[in-house]
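Student: I've got a model open and want to talk through its aromatic rings. Can you take me through the reasoning?

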Amino acid sequence: MNPFVFDWQSLKMHVRHSILHGGHMSVAPLEWSDLRVFLAIAREGSLGGAGRRLRQSQPTMGRRLRALEEAVGTTLFQRSTSGLSLTDEGELMLRHAEVIEAEAIALARELTGRSGSLEGMLRLTCSDWFGRIMVAPVIAEFTRLNPAVVVEILTDARVYSLARREADLVIRIAGFDEPEVVARKLTTVHYGVYVRRGTWKPVAGDGAGCPLIVMDTAFGAMPDVAWLMRTFPNAHIAVRSNSRDVQAQLCALGVGLAVLPVPLGEATAGIERVALDSDPPSRDNWLGFHRDLRRLPRLRAFADLLVERLSPA
């Protein structure tokens, strides 16, 4: 049996209910697919967000929610202009649904981990520039060696959960504290200051008149942002972006100065590194995967190749 193709649709689950508001809620048999819809809406807070997570349309999610509420005989979400929030009954269902989800995913992980073949799908998540510059060559090499393995790489800003099997491998700049995650430092990335080739070079300690390209406000606490503002206190912010790739392109177009990972800066045409007395802080990149998958051959093979190609000797 292919462990990626479990028929969870046929797995009947019962959710325990309690007496609420003086009335007794009936105990209804639920499909696992119903609970997946419920969990997606609860986590995203909207039908549209839940639809994107499950790759279904918003109207479909609305119909499935109405059918679910009719099946259990109660309202699970409070509707408002700001989105959907759980009712007391919804909070009760959430606790049980998360337990059911954790058990189903744990079973899938254990059975997947027993697969001895180099075939199937492997899902990896990392940042946009790291995926394009650092990981893509490794994927190309790996797929040539293992054509039966389909690698799926996700490079959006969302944090994917290893516990919920949203990803098999995660590369990120923050370490892993979860006890169920096997982690190791993959590589250290150095950063530099870049400007459009041939333009003037700002003076450290001043920077008057210099436009800056920086991270968006959600990532404003990153070390290179504070370093940049200290190094060029009289410069002004021209553009913010949460994408290093976009920052590099804006720098090449002459919009302003940017702090970029050195591998990205060196791979971007039309920009050059500014020589300064000190460089922006470097960042460690960590590789993590769930311990239940540590014996999965395709994961081990890909992780070993990543470490071999990206980790220092």
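Tutor: Sure, let's go through the ring contacts of this predicted model.

Student: How many aromatic pairs are there by the distance rule?

Tutor: The count comes to three aromatic pairs. Take F38 and F77 to start with: their ring centres are 5.5 Å apart, and the cut-off is within 6.5 Å, so they pair.

Student: What makes the F38 and F77 pair tilted?

Tutor: Their planes sit at 50°. Stacked needs under 30 degrees and edge-to-face needs over 60, so an angle in between counts as tilted.

Student: Which parts of the chain does that pair tie together?

Tutor: F38 belongs to helix 1 (residues 32-44) and F77 to strand 5 (residues 77-80), so the pair joins parts that are 39 residues apart in sequence.

Student: Are F38 and F77 buried or exposed?

Tutor: Buried means under 20% relative accessible area. F38 has 0% and F77 has 1%, so both count as buried.

Student: Why is the pair of F142 and F302 called edge-to-face?

Tutor: The angle between their planes is 85°, and over 60 is edge-to-face, so the name fits. The centres are 5.0 Å apart. This pair links helix 5 (residues 128-145), home of F142, with helix 9 (residues 297-310), home of F302, 160 residues apart.

Student: How do you know that F142 and F302 are buried?

Tutor: F142 has a relative accessible area of 1%, and F302 has 1% too. The limit is under 20%, so both are buried.

Student: Where does the charged end of R172 sit?

Tutor: Over the ring of F176, 3.8 Å from its centre.

Methods:
Residues numbered from 1 in each chain as written. Predicted model: local features only at pLDDT ≥ 70, side-chain atom pairs only at ≥ 80, totals over all residues. Heavy atoms only, no water. Phe/Tyr/Trp six-rings, centres within 6.5 Å; stacked < 30°, edge-to-face > 60°. Helix = DSSP H or I, 4+ residues; strand = E, 2+ residues; numbered from the N terminus. Buried < 20%, exposed > 50% of the residue type's maximum accessible area, 1.4 Å probe, protein only. Lys NZ or Arg CZ within 6 Å of the ring centre and 35° of its normal.
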